[in-house]
Amino acid sequence: MNPAIREQFPILHQEVNGHPLVYLDNAATSQKPQVVLDALNHYYEYDNSNVHRGVHTLGTRATDAYEGAREKIARFINAGRSEEIVFTRGTTTALNLVASSYGRPRLQPGDEIVITPMEHHSNLIPWQQLAKATGATLQYIPLQPDGNIDLADVEKVINSKTKIVSVVYVSNVLGVVNPVKEIAEIAHRHGAIMVVDGAQSTPHMKVDVQDLDCDFYAFSSHKMCGPTGFGALYGKRQLLAQMEPIEFGGEMINDVGLYESDWKDAPWRFEGGTPIISGAVGLGAAIDFLTEIGMDEIEKHEAHLANYAMERMSQIEGLKIYGPAKRKVGIVTFNLDGVHPHDLATVLDTFGVAIRAGHHCCQPLMRWLEASSTARASFYLYNNEQDVDRLIDALVQTKEYFGDET
């Protein structure tokens, strides 16, 4: 990866606890390049206005930027048309929208919802709540010992009772890339819809929702160089047209009477109230930035860093890595014998190395791993081998420190 890319992220040019920052918590949130910061500043300095309502110049410019971002997103994930992109507050909101708007009116006792034990809570709790509300039941695709999914198990779990299948594309803990295209084919064969949690895939690899043939696909802006509090839901046009909004107010309406109202077409019927306009502007700029670099290049770079990190970590006695032996994405989850992950992350921070520690919003997966919590290093396009080396040096010193303590 071109070293000049790193220079475009101002936040990385600082010291933390007397050391140059090594930011390895990208699966939680990514940093923002200068072009995204500039786009946000420009919007607020020159174009700040509400969208779709005013006919004045600022309103027109804001609306053009807002809807222009929708078109960029559609191209970025190869949606059939921009009207298949619903703006949300992020992956969580998008998945809740599908569960509430699509699932609740359609499911009934005896129906089944299929997910996996590796799901982030955002792609688990909405389906738990939907099952409770409708009398449907949750069914789980089992995991192989390394955390991968076997399609033979998928064939056994999905059946004529299955109405919804929802699977994470990339696990935020194990780093596995799930075969969502093949799972979608099995789901459709049985008359079910396929929902994909794309929070960890969209920032790191080329995504083609038409090739995947998923029915819904959710992702977040803040994990792909864009602003926090913003994201999108892709939905096939015919499905979005059948869904009712779950939030009501201004802008999502077509006509309002004293006792009855009706709604705009999708996606605008799902975007009631003043939207997060700056989020759309920032994500649009982030997509331009990522597209210029190339998603294939980003994926290759991150896979190299993750595998380089795993190779070096394997030389540290007492360090256990979770998930497959080889990574396609830049996520490495691990534990160090005798050191609680929170203590590990705290000590690494004294060396300026930022990693994640905890259950990563995946408590069922933690129980499957027989670990209450884990540490996680996650890489992005601005990281390099020197960051990995700094991580390894800090891990070795941490191990020595706790060894001396005992």
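Visitor: How many helices and strands does the secondary structure of the protein chain come to?
Guide: The model shown here is a predicted one. In it, the secondary structure of the protein chain comes to 14 helices and 17 strands.

Visitor: Why may the protein chain be called as compact as a globular protein of its length?
Guide: The globule rule gives 22 Å for 406 residues. The C-alpha trace spans about 75 × 55 × 35 Å along its principal axes. The protein chain is as compact as a globular protein of that length because its radius of gyration is close to the value of the rule, being 22 Å.

Visitor: What share of the residues in the protein chain is buried?
Guide: A residue counts as buried when its relative accessible area is under 20%. The protein chain exposes about 17200 Å², of which carbon and sulfur atoms supply 48%. Of the 406 residues, the buried share is 56%.

Visitor: Among contacts between residues at least 6 apart in sequence, what percentage joins residues at least 24 apart?
Guide: The contacts considered here lie within the protein chain and leave out pairs of residues that are not at least 6 apart in sequence. Those that join residues at least 24 apart make up 70%.

Visitor: What is the order of the strands in the open sheet of seven strands?
Guide: Strands of a sheet pair through backbone hydrogen bonds, either parallel or antiparallel. In this open sheet the pairing is mixed. The edge strands, each pairing on one side only, are strand 4 (85-88) and strand 6 (137-140), and the twist averages 20° from one strand to the next. The order is 4-10-9-8-7-5-6.

Visitor: Which residue of strand 10 is the bridge partner of isoleucine 85?
Guide: Strand 4 and strand 10 (residues 231-235) run antiparallel and are joined by four bridges. Across this pairing, the bridge partner of isoleucine 85 is tyrosine 234.

Visitor: Which residue in strand 8 stands opposite valine 165?
Guide: Strand 7 and strand 8 run parallel, with five bridges joining them. One bridge pair consists of valine 167 and its partner in strand 8, valine 196. Opposite valine 165 stands methionine 194.

Visitor: Which residue in strand 7 stands opposite isoleucine 113?
Guide: Strand 7 also runs parallel to strand 5 (residues 112-115), to which three bridges join it. Strand 7 is mostly covered, with six of its seven residues buried. Opposite isoleucine 113 stands isoleucine 164.

Visitor: Which residues of strand 8 point the other way from Ile193, Val195 and Asp197?
Guide: In a regular strand the side chains alternate between the two faces of the sheet. Strand 8 is mostly covered, as five of its five residues are buried. Ile193, Val195 and Asp197 point one way, and the residues that point the other way are Met194 and Val196.

Visitor: What is the order of the strands in the open sheet of four strands?
Guide: The pairing in this sheet is antiparallel. Its edge strands are strand 13 (319-322) and strand 16 (356-358), each of which pairs on one side only. From one strand to the next the twist averages 30°. The order is 13-14-17-16.

Visitor: Which residue of strand 17 is the bridge partner of alanine 357?
Guide: Strand 16 pairs with strand 17 (residues 374-378) in the antiparallel sense, over three bridges. The bridge partner of alanine 357 is alanine 375.

Visitor: What angle does the direction of helix 12 make with that of strand 16?
Guide: Helix 12 (residues 341-350) packs on the sheet of four strands, where it touches strand 14, strand 16 and strand 17. Its direction makes an angle with that of strand 16 of about 160°.

Visitor: How many disulfides does the structure hold?
Guide: A disulfide is a covalent bond between the sulfur atoms of two cysteines. For a pair of cysteine sulfur atoms to count, they must lie within 2.5 Å. The number of disulfides in the structure is zero.

Visitor: How far from cysteine 362 is the nearest cysteine sulfur?
Guide: Cysteine 362 is buried, with a relative accessible area of 0%. Cysteine 362 is in no disulfide. The nearest cysteine sulfur belongs to cysteine 361, and its distance is 6.9 Å.

Methods
Residues are numbered from 1 along each chain as its sequence is written. This is a predicted model: local features need pLDDT of at least 70, side-chain atom pairs count only at pLDDT 80 or more; totals for chains, interfaces and linings use all residues. Side-chain values use heavy atoms; hydrogens and water are left out. Two strands pair if DSSP finds at least two bridges between them. Helices (H or I, at least four residues) and strands (E, at least two) are DSSP runs, numbered from the N terminus. Axes are lines fitted to C-alpha atoms, for helices over the stretch in contact, and angles run from 0 to 180 degrees between N-to-C directions. Contact means heavy atoms within 4.5 Å. The radius of gyration is taken over C-alpha atoms; the globule rule is 2.2 Å times the number of residues to the power 0.38. Buried means under 20% relative accessible area, exposed over 50%, partly exposed in between (1.4 Å probe, protein chains only). Accessible areas come from the Shrake-Rupley method with a 1.4 Å probe; for residues, only the protein chains shown count as cover.
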